[in-house]
Amino acid sequence: MPILHARAARRTLFATLGAALLTSQWPAAEAADAAGLADPVKKDIAMRLVSSAENSSLNWKAQYKYLEDIGDGRGYTGGIIGFCSGTGDMLTLVELYTEWDADNPLATYLPALRKVNGTDSHRGLAGFPAAWRKAAKTTAFRRAQRHERDRVYFGPAVARARKDGLGTLGQFVYYDAMVMHGPGTDAVSFGGIRARARRHADTPADGGGRRTYLNAFLDARVWAMRQEAAHRDVSRVETAQRVFLKAGNFDLDTPLKWKVYGDSYEID
C-alpha cells in the first residue's frame, strides 16, 4: 500500500458521545437527511468511502485482517479503521478483545504493546502480524474492532456533526477527518481543523449555510493534510468529498462516483 494511503495519528482518544446522537436539533434544510449516518445503509456507504482511501478497496469488511507497518512512524497499522501500535488505539482494542476473550491470539502481546505505545518500535512483537490475522477470524475480534471504531471515531464525529447542524454528507466529512487526523484539539487534529473552519464560516447550527461551512471545513482539512508529507495528496478531499459537495449531494445518495489517489470508484 502506498504511503499516501497511510492513516494519520490518533492523538487523543476520548469516551463515546453516542448518547448525544439523539439530542441535537437541526435546521429545516437538514430535514431530508435527518437520519444521517444513523441509517445503516448510509453508514455502510461511509465505511466504503473511507475504505477506498484507507485500503484502496470498497470492501471494508475484508480489512479486519489487515496489518502492516506503512513507514509513517506509527508502528503497525491494522484493521478496519487503521488502529496503530504507536498511537494507543491498537492497545485499547487488544485490551478490550482480551476482556471479552482472555484466551485469544493477541493477549500475550499486551505487555509489548504497552511498551511500544508512542513509538514506531516492533520490539517484542515478533509473530504479531500472524497472530493478528488469526484473531481476525474470530467473531470477538471483529466485534471489538467495530466497537472501538464507533466509540472513538464514528460516534463522536457524527454527534459533533449533528450538533453543528450537519446532515449525512457533513457527518461523513467529519468522520473521515476524524479517522485520518484523530480526535485531538491541536491544529492538525479534528478539533483544530474544525476550529480553523469556524474562523471562516459559521456552522449551520450557528446560522451559516451548510455548503459554505463544509467548503470551509474541507479547506481547513486540506491545510492540515499538507502539513504532513504522507498526506500531501489531497485527492481524498478534492476528487471525492468536494465532488459530492459541489453536486449538492447532501444525502450521499447513490450513484456515487469519485477518485482517490488516482483510482476511480463507484457505488451504484
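This passage walks through a predicted model, looking at one helix, two sets of strands, some unusual backbone spots and the aromatic rings. Residues are numbered from 1 along each chain as its sequence is written, and side-chain values use heavy atoms, with hydrogens and water left out. Because the model is predicted, local features need pLDDT of at least 70 and side-chain atom pairs count only at pLDDT 80 or more, while totals for chains, interfaces and linings use all residues.

A good place to start is helix H1, which covers residues 40–55. Helices here are DSSP runs of H or I with at least four residues, strands are runs of E with at least two, and both are numbered from the N terminus. The expected span of a helix is 1.5 Å times one less than its number of residues. For the 16 residues of H1 that comes to 22 Å, and the end C-alpha atoms lie 21 Å apart, which agrees. At the N-terminal end, Asp 39 acts as a cap, with a side-chain oxygen 2.9 Å from the backbone nitrogen of Val 41. That is a polar contact (a pair of N or O atoms within 3.5 Å; within protein, one must be able to donate a hydrogen and the other to accept it, and residues adjacent in sequence count only if both atoms are side-chain atoms). After H1 comes Ser 56, with a positive phi near 55°.

H1 is mostly covered, with twelve of its 16 residues buried. Buried means under 20% relative accessible area, exposed means over 50%, and partly exposed is in between (1.4 Å probe, protein chains only). Among the buried residues of H1 are Lys 43, Ile 45, Met 47, Leu 49 and Glu 54. What covers them includes helices H5 (139–163), H6 (168–181) and H9 (235–246), along with strands S4 (256–260) and S5 (263–267); contact here means heavy atoms within 4.5 Å. Lys 43 has an aromatic partner as well: its charged end sits over the ring of Phe 154, 4.5 Å from the centre. For a charge to sit over a ring, NZ of Lys or CZ of Arg must be within 6 Å of the ring centre and within 35 degrees of the ring normal. Arg 196 does this too, lying over the face of Trp 223 at 4.0 Å from the ring centre.

Helix H6 contains His 181, which counts as buried because its relative accessibility is 3%. A polar atom of the His 181 side chain lies 3.3 Å from the backbone oxygen of Val 188.

Now for the strands. Two strands pair if DSSP finds at least two bridges between them. S1, S2 and S3 make an open sheet in the order S1-S2-S3, with antiparallel pairing. S1 (67–69) and S3 (83–84) are the edge strands with a single partner each, so one side of each is left without a neighbour in the sheet. Strand S2 (residues 76–78) is joined to S3 by two bridges, and Thr 77 has Cys 84 as its bridge partner in S3.

S4 and S5 also run antiparallel, joined by five bridges, and Val 260 pairs with Asp 263 of S5. The side chains alternate along S4: Leu 256, Trp 258 and Val 260 point to one face and are buried, whereas Lys 257 and Lys 259 point to the other and are not. Two residues lie between the strands of this hairpin, where Tyr 261 takes a positive phi near 50°. Tyr 261 counts as buried because its relative accessibility is 14%.

The loop between H9 and S4 has its own oddities. Most residues other than glycine have a negative phi, and most peptide bonds are trans. Leu 252, found in this loop, has a positive phi near 50°, and at 1% relative accessibility it counts as buried. Pro 255 is in the loop too, joined to Thr 254 by a cis peptide bond with omega about 5°.

Finally, the rings: the structure holds 13 aromatic pairs. Rings of Phe, Tyr and Trp (its six-membered ring) pair if their centres lie within 6.5 Å; planes under 30 degrees apart count as stacked, over 60 as edge-to-face and the rest as tilted. Trp 132 and Phe 141 have ring centres 4.9 Å apart and planes at 85°, so this pair is edge-to-face. Both residues are buried. Trp 258 and Tyr 265, in contrast, are stacked, at 5.7 Å centre to centre with 20° between the planes. Trp 258 counts as buried at 4% relative accessibility, as does Tyr 265 at 11%. One aromatic cluster is formed by Tyr 76, Tyr 97, Tyr 109, Phe 128, Trp 132 and Phe 141.
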